[in-house]
Amino acid sequence: MTEDEEELTYADAGVDIEASEAATAALVGAVGDIDESEYAGLLDIGDRYLALATDGVGTKLLVAEALGDYSTVGIDCIAMNVNDLLASGVEPVAFVDYLAVDEPSEEFSKQVGDGLAAGADEAGIALVGGETAVMPEVIKGLDLAGACVGLAPKDAVFPGEAEVGDALVGFSSSGIHSNGLTLAREAATRNHEYGDPFPLDASGAASDEEDGDGNETEPRSVGEVLLEPTRIYTYLLDHLRGREVHAAAHVTGGGWTNLSRMGEFRYEIADPFDAQPVFEFVQQEGNVGDEEMHRTFNMGTGFVVALPEDDAESLADETDGRIIGEVREGDCVAIRDLEL
């Protein structure tokens, strides 16, 4: 990247967040009274809530297609759904997938299926079916999405609104997850191919490095780093139950602005997790501004919980999370000298 290279934004790459939000609002307004801030739809079935969430893998599939490696996108599909249910305090139970292709292929179908099975096993849910649609006039390549159902006792669902004075416990991401790939892909391929060695990969910067067993390892490629599967956070559910959790946020599309889905407050982030090298790479190669990065990506933190300080300290102590900030009066997310 040269200093005079044009600064890249998500809109420049093809995704206008404001236009997308307006279109979503139009759809929601047409179908009825739906709270857009909720991560899952809740249906009262008597003594419990039945919850539903749906999501897909997005343009991360284009990286998989370029590498001919679909082995992890199924994990992403599971993760994006179960993490949304967790953000409502719901235990995911079962999942169905929808795979649309221009032409059938046993090879990539098996890879996608293996990823779905691995994700379901990690999340502790059942795969109960799905649909494969062959639509050459509609689909170019493939699209993968799914829906997840969950159950929760009525007193277990999070209120959904943070409170002033709450501490924020964060949990690290595994990398870029499955959001913002349109921007990430555009930036990454300005000066690189997906098969090029990833220049900032400390875990495999040279082919003569050794792994823990003394075997030589090859550096990961740019594409492999972008394909790092979305982290699944369902292991947290047992730790969240029994604590006074007010709200939680899955840091997905919209990056750190997702915290505002916990209510109109000032979210003061003093100690976020470090952003993985993939974010530095995307920012450098695309000449992307700091604010645009934080409005698009998770930047190292994939899940955030708002709860009283005492509960926050014990939650951080018994998990891999840590207190990253607090909730104050206001209306923004303050992080790394930015106000989003």
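Two strands pair if DSSP finds at least two bridges between them. Helices (H or I, at least four residues) and strands (E, at least two) are DSSP runs, numbered from the N terminus.

The structure is a predicted model, in which local features need pLDDT of at least 70 and side-chain atom pairs count only at pLDDT 80 or more, while totals for chains, interfaces and linings use all residues. Residues are numbered from 1 along each chain as its sequence is written, and side-chain values use heavy atoms, with hydrogens and water left out.

**Exercise 1. Find the bridge partners of strand S5 (142-153).**

Solution.

Step 1. Take S3 (residues 91-101): 10 bridges join this strand to S5, and the two run antiparallel. Within this pair, Val96 has Ala147 of S5 as its bridge partner.

Step 2. Take S2 (residues 48-56). This strand is joined to S5 by 9 bridges, again antiparallel. Here the bridge partner of Ala53 is Cys148 in S5.

Step 3. Sort the residues of S5 by face. In a regular strand the side chains alternate between the two faces of the sheet. The covered face of S5 holds Leu142, Leu144, Gly146, Cys148, Gly150 and Ala152. The uncovered face holds Asp143, Ala145, Ala147, Val149, Leu151 and Pro153.

**Exercise 2. Describe how S1 and S2 are joined.**

Solution.

Step 1. S1 (residues 41-44) runs antiparallel to S2, with 4 bridges between them. Asp44 stands opposite Tyr49 in S2.

Step 2. Look at the turn. The hairpin of S1 and S2 has 3 residues between the strands, and Gly46 takes a positive phi near 110° there.

**Exercise 3. Is Cys77 buried or exposed, and what does Cys77 touch?**

Solution.

Step 1. Locate Cys77: this residue is in helix H4, which spans residues 73-86.

Step 2. Apply the cut-offs. Buried means under 20% relative accessible area, exposed over 50%, partly exposed in between (1.4 Å probe, protein chains only). Cys77 has a relative accessible area of 0%, so Cys77 is buried.

Step 3. List the contacts, where contact means heavy atoms within 4.5 Å. Leaving aside neighbours within four places in sequence, Cys77 is in contact with Asp55, Val57, Phe95, Leu116, Leu144, Ala145 and Gly146.

Step 4. Compare sequence and space for one of these. Cys77 and Leu116 are 39 residues apart in sequence, and their C-alpha atoms are 7.3 Å apart.

**Exercise 4. Which residues of helix H3 (residues 60-67) are buried, and what covers them?**

Solution.

Step 1. The buried residues of H3 are Lys60, Leu61, Val63 and Ala64. Seen down the axis of H3, they fall within an arc of 155° and so line one face of the helix. The arc is that of the directions from the helix axis to the C-beta atoms.

Step 2. Their cover includes H4, S5, helix H6 (181-188) and helix H7 (222-226).

Step 3. Just after H3, Gly68 has a positive phi of about 65°.

**Exercise 5. Place helix H11 (residues 309-318) on its sheet.**

Solution.

Step 1. Describe the open sheet: its 7 strands have the order S9-S11-S6-S12-S10-S13-S14, with mixed pairing. S9 (247-250) and S14 (338-339) are the edge strands, each pairing on one side only.

Step 2. Inside this order, S6 (residues 167-172) and S12 (residues 322-328) run antiparallel and are joined by 4 bridges. The partner of Ala167 in S12 is Glu326.

Step 3. H11 packs on the sheet, touching S6, S11 and S12, and its direction makes about 20° with that of S6. For such angles, axes are lines fitted to C-alpha atoms, for helices over the stretch in contact, and angles run from 0 to 180 degrees between N-to-C directions.

Step 4. Ala312, Leu315 and Ala316 are the buried residues of H11. Seen down the axis of H11, these fall within an arc of 95°, so they line one face. The face turned away from this buried side carries the exposed residues Asp310 and Asp317.

**Exercise 6. Where is the pLDDT below 50?**

Solution.

Step 1. pLDDT is the predictor's confidence in each residue, from 0 to 100. The chain has a mean pLDDT of 88, and 85% of its residues reach 70 or more.

Step 2. Residues 23-28 have pLDDT below 50, and beyond near neighbours in sequence this stretch has 4 contacts in the model. Residues 203-209 are also below 50, with 18 such contacts.

Step 3. Where pLDDT is low, the predicted coordinates should not be read in detail.
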